[in-house]
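Biologist: Please take one part of this structure and go through it closely, residue by residue where that helps. After that, I would like to see how the part fits into the chain as a whole.

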Amino acid sequence: GEKIAEIKETPEYTRMVESYLAGRVIPQKLITVTIRDVDDSPARNTNYFEWRTFLQRLDPQKYEIIIIPDTSKVWQESNALSGFEHCELASINLLFRTALYRRAYLNMAVSTGPVDLAYFSKSPFLSFKPITDDAISTTSEFWLQWLGLEVGDQYPSAQQNQIIVWQDDTAECLEEEFYRFVSKLAQDESL
């Protein structure tokens with residue numbers, strides 16, 4: 001088979017992320033949440049209420065949450081996920097984002113462009129809500145025709161810890177899939 005290209009940040013960016021995180025006491029597992037919040041195709045956007053509900057249920061003694069805002073609104077004030085740390089630099093610097101994704105225990109998002117960065121950097125992710133009807137690129141027909149995936153499939157070249165969740169981003173689904181991932185990882189540390 002073909003070898004899939006891997007995106008790698010330079011060591012400088014790995015050190016920058018380590019320095020960014022060193023300013024905090026983070027014995028917890030790092031979870032990033034990449035936000036999609038654009039005016040085009042709003043049905044594809046992150047459901048802030050559901051994500052907040054889910055994130056507030058996570059044990060802060062176990063998990064450190066870092067929100068990566070949508071690049072299109074990176075400097076706009078938002079109370080949608082206030083109370084969680086936001087990393088604007090990761091939003092606008094792809095190599096920093098790549099290094100942060102690699103450092104994370106898990107990266108979570110709705111289906112959006114930056115998920116591809118996690119995929120091609122071999123970083124762990126859960127990607128939700130790949131199918132919506134308000135954009136041609138998020139229909140089941142598009143996924144089958146252009147990506148060769150039927151609803152429920154995974155990318156054939158994906159790592160075991162890179163998962164498309166073919167459901168909406170409800171708090172219940174986020175929580176269920178998160179703990180499924182955690183359980184799977186606990187059983188096989190090589191993921």
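Modeller: Strand β1, residues 29-34, and strand β4, residues 106-110, run parallel and are joined by 4 bridges. This is a predicted model, and what follows is computed from its atoms.

Two of the residue pairings can be named: T32 has N107 as its bridge partner in β4, and T34 has A109 as its bridge partner in β4. T32, which lies in strand β1, has a relative accessibility of 0% and therefore counts as buried, the limit being under 20%. Once its neighbours within four places in sequence are set aside, T32 is in contact with three residues of β4, namely L106, N107 and M108, and also with I66, I68, L100, Y101 and A104. Of these, I66 and I68 belong to β2, which covers residues 63-68.

On the other side of the pairing, 5 of the 5 residues of β4 are buried, so β4 is largely enclosed by the rest of the structure. In a regular strand the side chains alternate between the two faces of the sheet. In β4, L106, M108 and V110 point one way while N107 and A109 point the other way, and the residues of both groups are buried. The two bridge partners already named in β4, N107 and A109, thus belong to one of these groups, the one that points away from L106, M108 and V110.

A109 also links β4 to a further strand, for its bridge partner in β5 is S127. The pairing of β4 with β5 is parallel, as that of β1 with β4 is, and it extends over 4 bridges. Taken together, 6 strands form an open sheet with parallel pairing, in the order β3-β2-β1-β4-β5-β6. The edges of this sheet are β3 (85-86) and β6 (162-165), each of which pairs on one side only.

Helices cover parts of this sheet, and two of them can be followed in some detail. In helix α2, residues 48-57, the buried residues are E50, W51, R52, F54 and L55, a set that includes the charged residues E50 and R52. These buried residues pack against β1, β2, β4 and β5, and also against helix α7. Helix α7 runs over residues 171-187 and contains F181, which is buried because its relative accessibility is 4%. Apart from its neighbours within four places in sequence, F181 is in contact with Y105, L106, P124, L126, N161 and I163. L106 is therefore a shared partner, being in contact with T32 as well as with F181. F181 and N161 are 20 residues apart in sequence, and their C-alpha atoms are 7.6 Å apart in space.

Two loop residues deserve a note on backbone geometry, given that most residues other than glycine have a negative phi. S41, in the loop between β1 and α2, has a positive phi near 55 degrees; with a relative accessible area of 9%, S41 is buried. K122, in the loop between α5 (113-120) and β5 (125-128), has a phi near 60 degrees, again positive; the relative accessible area of K122 is 40%, so this residue is partly exposed.

As for the chain as a whole, its secondary structure comes to 7 helices and 6 strands, which follow the pattern α-β-α-β-β-α-α-β-α-β-α-β-α along the sequence. A compact globule of 191 residues would have a radius of gyration near 16 Å, and the chain agrees with this at 16 Å, while its C-alpha atoms fill a box of roughly 45 × 40 × 30 Å along the principal axes. Of the residues of the chain, 47% count as buried. Among the contacts between residues at least 6 apart in sequence, 63% join residues at least 24 apart. The accessible surface comes to about 10200 Å², with 51% of it belonging to carbon and sulfur atoms, and the mean positions of the 18 positive and 29 negative charges lie 6 Å apart.

Key:
Residues are numbered from 1 along each chain as its sequence is written. This is a predicted model: local features need pLDDT of at least 70, side-chain atom pairs count only at pLDDT 80 or more; totals for chains, interfaces and linings use all residues. Side-chain values use heavy atoms; hydrogens and water are left out. The radius of gyration is taken over C-alpha atoms; the globule rule is 2.2 Å times the number of residues to the power 0.38. Buried means under 20% relative accessible area, exposed over 50%, partly exposed in between (1.4 Å probe, protein chains only). Contact means heavy atoms within 4.5 Å. Accessible areas come from the Shrake-Rupley method with a 1.4 Å probe; for residues, only the protein chains shown count as cover. The place of a charge is taken as NZ of Lys, CZ of Arg, CG of Asp or CD of Glu. Two strands pair if DSSP finds at least two bridges between them.
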